[in-house]
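Colleague: Could you take me through one part of this protein slowly, as you would at the bench? I would like to hear about the nonpolar core and the helices around it.

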Amino acid sequence: QQNKQNPNLWGISLKQLRDVRVEVCSKVGQGAFDEMTMRDVCRDFISPICQREKKSYALFVNEFGLKANAFVTHTWDEPFGEFVASVEQAVGNLLNPPPLWICSFALYQDQGMIQKMLLVPINKSPFARVIKSLDKKVGKFIV
């Protein structure tokens, strides 16, 4: 329960992000994958897992949570493969890539839950809480 309340623990590893890419590509084929956006991947793959498991994808793959130390932003209509490649370019060559906080994986993808989160004051939102928690010496903000 603590992990569900602490957005700092809603991270995923670079390997887990890569695993999503591989899984989605294997299910839809390379041609269809090349056309998929973050919105498509979230709607067709991440959200169904959230609905079934009643938790975010990040907490599905990391039952006890994973402390994020990189905040990664994205747009919903960017090609998912390009998004993953951009993240790989930013942190893939690091000896220990930091755990990533990516909202589409960190947040429980359910319209009702998202609406509730949007009602809280911005400084108490999961986004602000995670940004404040980044390690000041090694934390990353990736756009």
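Modeller: Happy to; here is a walk through the core, one of its helices and a helix pair.

A word on the source: this is a predicted model, in which local features need pLDDT of at least 70 and side-chain atom pairs count only at pLDDT 80 or more, while totals for chains, interfaces and linings use all residues. Residues are numbered from 1 along each chain as its sequence is written, and side-chain values use heavy atoms, with hydrogens and water left out.

The largest nonpolar core has 40 residues. By nonpolar core I mean a set of buried Ala, Val, Leu, Ile, Met, Phe, Trp, Tyr and Cys residues joined through side-chain atoms within 4.5 Å. Buried is under 20% relative accessible area, exposed over 50%, and partly exposed in between (1.4 Å probe, protein chains only). The members that touch the most others are Leu17, Phe80, Phe83, Leu100, Trp101, Ile102 and Phe105. Among the elements that each supply at least two residues are α2 (14-28), α4 (38-53), α6 (80-91) and β2 (100-102). The greatest share comes from α4, with seven residues. Helices (H or I, at least four residues) and strands (E, at least two) are DSSP runs, numbered from the N terminus.

Now to α6, whose 12 residues reach 17 Å from first C-alpha to last, close to the 16 Å expected at 1.5 Å a residue; the expected span is 1.5 Å times one less than the number of residues. Its buried residues are Phe80, Phe83, Val84, Val87, Glu88 and Val91. Seen down the axis, they fall within an arc of 135°, so they line one face of the helix; the arc is that of the directions from the helix axis to the C-beta atoms. Exposed Glu82 and Gln89 sit on the face turned away from the buried side. Leaving out residues up to four places away in sequence, Phe83 touches Leu17, Met38, Val72, Thr73, His74, Glu78 and Ile102, a contact being heavy atoms within 4.5 Å.

Lastly, the axes of α2 and α4 come within 12 Å and cross at roughly 90°. These axes are lines fitted to C-alpha atoms, for helices over the stretch in contact, with angles from 0 to 180 degrees between N-to-C directions. The two helices are therefore roughly perpendicular, a label for 65 to 115 degrees (under 35 is roughly parallel, over 145 roughly antiparallel, the rest oblique). Val20, Val24, Lys27 and Val28 of α2 meet Val41, Phe45 and Ile46 of α4.
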